[in-house]
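Student: Please take one part of this model and go through it closely, then follow its contacts outward into the rest of the chain. I would like the numbers kept with each statement.

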Amino acid sequence: MSKQNKSETTPSRIALCVKLANCNHMAGVLLYRIVLWKQYAHAKIPNVSGEWIANDREWWMREAQLSSDQYDRTILKLETWNLIERRQWWFGRRNILFVRATKVASDY
């Protein structure tokens, strides 16, 4: 039986998302929520491959506990860093945000 150094730990998923998001905590929390919801949401966009998560921006703001301004800056950063993809599309007679984690974020 090997003994581990007590200072060694396994980082949680949220800590990994913060690290992947350039140590930006707001971006890490939003990324974590997007990665978490991937297992439950299965929205499709016609003529676009893959599965998406379809929710409006207010839902994502509540989900990550971000203000409107914080959300706008954070979602743009995640997209700029190639950690998420986002598109607007019709869902249930409403134009809504479709988002998904990129392969880089999903594999991390």
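Tutor: C23 is exposed, because its relative accessible area of 55% is over the 50% cut-off. The model is predicted, and the values below are computed from it. C23 sits in the loop that links helix 1 and helix 2. Its backbone has a positive phi of about 60°, although C23 is not a glycine.

N24 belongs to the loop between helix 1 and helix 2 as well. Is N24 buried or exposed? N24 counts as buried, because its relative accessibility of 17% is under the 20% limit. Outside its neighbours within four places in sequence, N24 is in contact with V18, K77 and W81. Of these partners, K77 is 53 residues away from N24 along the chain, with 9.6 Å between the two C-alpha atoms.

K77 is a residue of helix 4. K77 counts as partly exposed, because its relative accessibility is 34%, which lies between the two cut-offs. Another residue across from K77 is A27: 50 residues separate the two in sequence, and their C-alpha atoms are 7.4 Å apart. A27 falls within helix 2, which spans residues 25–37.

From here the path leads to the nonpolar interior. The largest nonpolar core holds 23 residues, and those with the most contacts inside it are L30, L31, I34, W60, Y71 and L78. Helix 1 (13–20), helix 2, helix 3 (57–64), helix 4 (68–80) and strand 4 each give two or more residues to this core. A second core of six residues, separate from that one, includes A43, I45, W52 and F98. As background, nonpolar side chains tend to be buried together in soluble globular proteins.

I34 is worth following on its own. What does I34 touch beyond residues up to four places away in sequence? With those set aside, I34 touches I53, W60, I84, V99, R100 and A101. I34 is also among the residues that line the largest pocket, together with V35, K38, A41, E51, W52, I53, E85, R100, A101 and S106. The elements that give two or more residues to this lining are helix 2, strand 2 and strand 4. Strand 2 gives the most, with three residues. By class, the lining has six nonpolar, four charged and one polar residue. The volume of the largest pocket is about 170 Å³.

The strands come next. Strand 1 (residues 43–45) and strand 2 (residues 48–54) run antiparallel and are joined by two bridges. A43 has W52 of strand 2 opposite it, and both residues are in the second core. Two residues lie between strand 1 and strand 2 in their hairpin, where N47 takes a positive phi near 65°. N47, like C23 in this respect, is a residue other than glycine with a positive phi. N47 counts as exposed, because its relative accessibility of 85% is over 50%.

On its other pairing, strand 2 is joined to strand 4 (residues 94–101) by two bridges, again in an antiparallel arrangement. A54 stands opposite F98 there. Strand 4 also pairs with strand 3 (residues 84–91), in the antiparallel sense, over eight bridges. R86 has V99 as its bridge partner in strand 4. The hairpin of strand 3 and strand 4 has two residues between them, and G92 in the turn shows a positive phi of about 60°. Strand 4 is mostly covered, with six of its eight residues buried.

The last stop is T102, which lies in the loop between strand 4 and helix 5 (103–107). T102 is buried, because its relative accessible area of 7% is under 20%. Apart from neighbours within four places in sequence, T102 is in contact with N82, L83, I84 and E85. Two of these names have come up before: I84 is touched by I34, and E85 lines the largest pocket.

Note on methods: Residues are numbered from 1 along each chain as its sequence is written. This is a predicted model: local features need pLDDT of at least 70, side-chain atom pairs count only at pLDDT 80 or more; totals for chains, interfaces and linings use all residues. Side-chain values use heavy atoms; hydrogens and water are left out. Two strands pair if DSSP finds at least two bridges between them. Helices (H or I, at least four residues) and strands (E, at least two) are DSSP runs, numbered from the N terminus. A nonpolar core is a set of buried Ala, Val, Leu, Ile, Met, Phe, Trp, Tyr and Cys residues joined through side-chain atoms within 4.5 Å. Buried means under 20% relative accessible area, exposed over 50%, partly exposed in between (1.4 Å probe, protein chains only). Contact means heavy atoms within 4.5 Å. On a 1 Å grid over the protein atoms alone, a cavity is a set of points where a 1.4 Å probe fits but cannot get out, and a pocket is an open set with protein on both sides within 12 Å along at least five of seven lines; lining residues have an atom within 4 Å of a point. Grid points are joined across faces, edges and corners, and a volume is the space filled by probe spheres set on the points. Ala, Val, Leu, Ile, Met, Phe, Trp, Tyr, Cys and Pro count as nonpolar, Asp, Glu, Lys and Arg as charged, and the others, Gly among them, as polar.
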